[in-house]
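User: Hey, got a minute to walk through a structure with me?

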Amino acid sequence: MSRLKITYRKSAIGYSHDQKATIRSLGLRRLNSVVIHDDTPTIRGMVFKVRHLVSVEEIADDTSPDATTGDDPERDGGNRS
């Protein structure tokens, strides 16, 4: 699953209360703060609602079990002890 890097770029002053609440619920507190969330429909919907206040980047998630633990069965020839 990919992840989203969300950066708070523009102040929510002058925008509706529900947009301010969405910014807060994304975990953004100050301008230029950054949070990383899983790419889910819920997060995408929240980002869509405040897309004029944030910038979004997709981050490739390389957290497969083989990549994180170094257990690659093909590298050691399949010899497990």
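Analyst: Sure, what follows is a quick tour of salt bridges, a helix and a couple of single residues. Keep in mind that this is a predicted model.

User: Okay, how many salt bridges does the structure hold?

Analyst: There are four salt bridges. One of them is between the side chains of Asp-38 and Arg-3, at 2.5 Å from N to O. Asp-38 is in strand β2 (residues 34–38) and Arg-3 is in strand β1 (residues 3–8), so this pair ties together parts that are 35 residues apart in sequence.

User: Are those two buried or exposed?

Analyst: In between. Asp-38 is partly exposed, with a relative accessible area of 34%, and Arg-3 counts as partly exposed at 28%.

User: What does Asp-18 meet in a salt bridge?

Analyst: Its partner is Lys-49, with the side chains at 2.9 Å, N to O. That pair links distant parts of the chain, since Asp-18 belongs to helix α1 and Lys-49 to helix α2 (residues 41–49), 31 residues apart. Asp-18 is partly exposed at 36% relative accessible area, and for Lys-49 the value is 36%, also partly exposed.

User: And Arg-44, which residue does its side chain meet in a salt bridge?

Analyst: Asp-39, at 2.7 Å from N to O. Through salt bridges that share partners, Asp-39, Arg-44 and Glu-58 are joined into one network. Arg-44 itself is partly exposed, with a relative accessible area of 37%.

User: Back to α1 for a sec. Is Thr-22 buried or exposed?

Analyst: Thr-22 is buried: its relative accessible area is 8%, and the cut-off for buried is under 20%. Thr-22 is found in helix α1, which covers residues 17–25.

User: What does the Thr-22 side chain do with its polar atom?

Analyst: A polar atom of that side chain lies 2.8 Å from the backbone oxygen of Asp-18. So Asp-18 turns up twice, because its side chain also meets Lys-49 in the salt bridge.

User: Which residues is Thr-22 in contact with, leaving aside its sequence neighbours?

Analyst: Leaving out neighbours within four places in sequence, Thr-22 is in contact with Met-46, Lys-49 and Val-50.

User: Met-46 is in α2, right? Which residues of α2 are buried?

Analyst: Yes, Met-46 is one of the buried residues of α2, along with Ile-43 and Val-47. They span an arc of only 100° around the axis, which puts them on the same side of α2.

User: What do they pack against?

Analyst: The buried residues of α2 pack against β1, α1, β2 and β3 (54–59).

User: And which exposed residues sit on the face turned away?

Analyst: Pro-41 and Phe-48 are the exposed residues there, on the face of α2 turned away from its buried side. Phe-48 also has Arg-51 over the face of its ring, 4.0 Å from the ring centre.

User: Switching topic: how many aromatic pairs are there?

Analyst: Zero aromatic pairs in this structure.

User: Last one, where does Lys-10 lie?

Analyst: Lys-10 lies in the loop between β1 and α1, and at 42% relative accessibility Lys-10 counts as partly exposed. The side chains of Lys-10 and Tyr-15 are joined by a polar contact of 2.9 Å.

User: What else is Lys-10 in contact with?

Analyst: Besides Tyr-15, Lys-10 is in contact with Leu-31, His-52 and Leu-53, leaving aside neighbours within four places in sequence. Also, Lys-10 and Val-54 are 6.7 Å apart in space, C-alpha to C-alpha, although they are 44 residues apart in sequence.

Key
Residues numbered from 1 in each chain as written. Predicted model: local features only at pLDDT ≥ 70, side-chain atom pairs only at ≥ 80, totals over all residues. Heavy atoms only, no water. Helix = DSSP H or I, 4+ residues; strand = E, 2+ residues; numbered from the N terminus. Buried < 20%, exposed > 50% of the residue type's maximum accessible area, 1.4 Å probe, protein only. Polar contact = N/O pair within 3.5 Å; in protein donor to acceptor, adjacent residues only side chain to side chain. Contact = heavy atoms within 4.5 Å. Phe/Tyr/Trp six-rings, centres within 6.5 Å; stacked < 30°, edge-to-face > 60°. Lys NZ or Arg CZ within 6 Å of the ring centre and 35° of its normal. Arc of directions from axis to C-beta.
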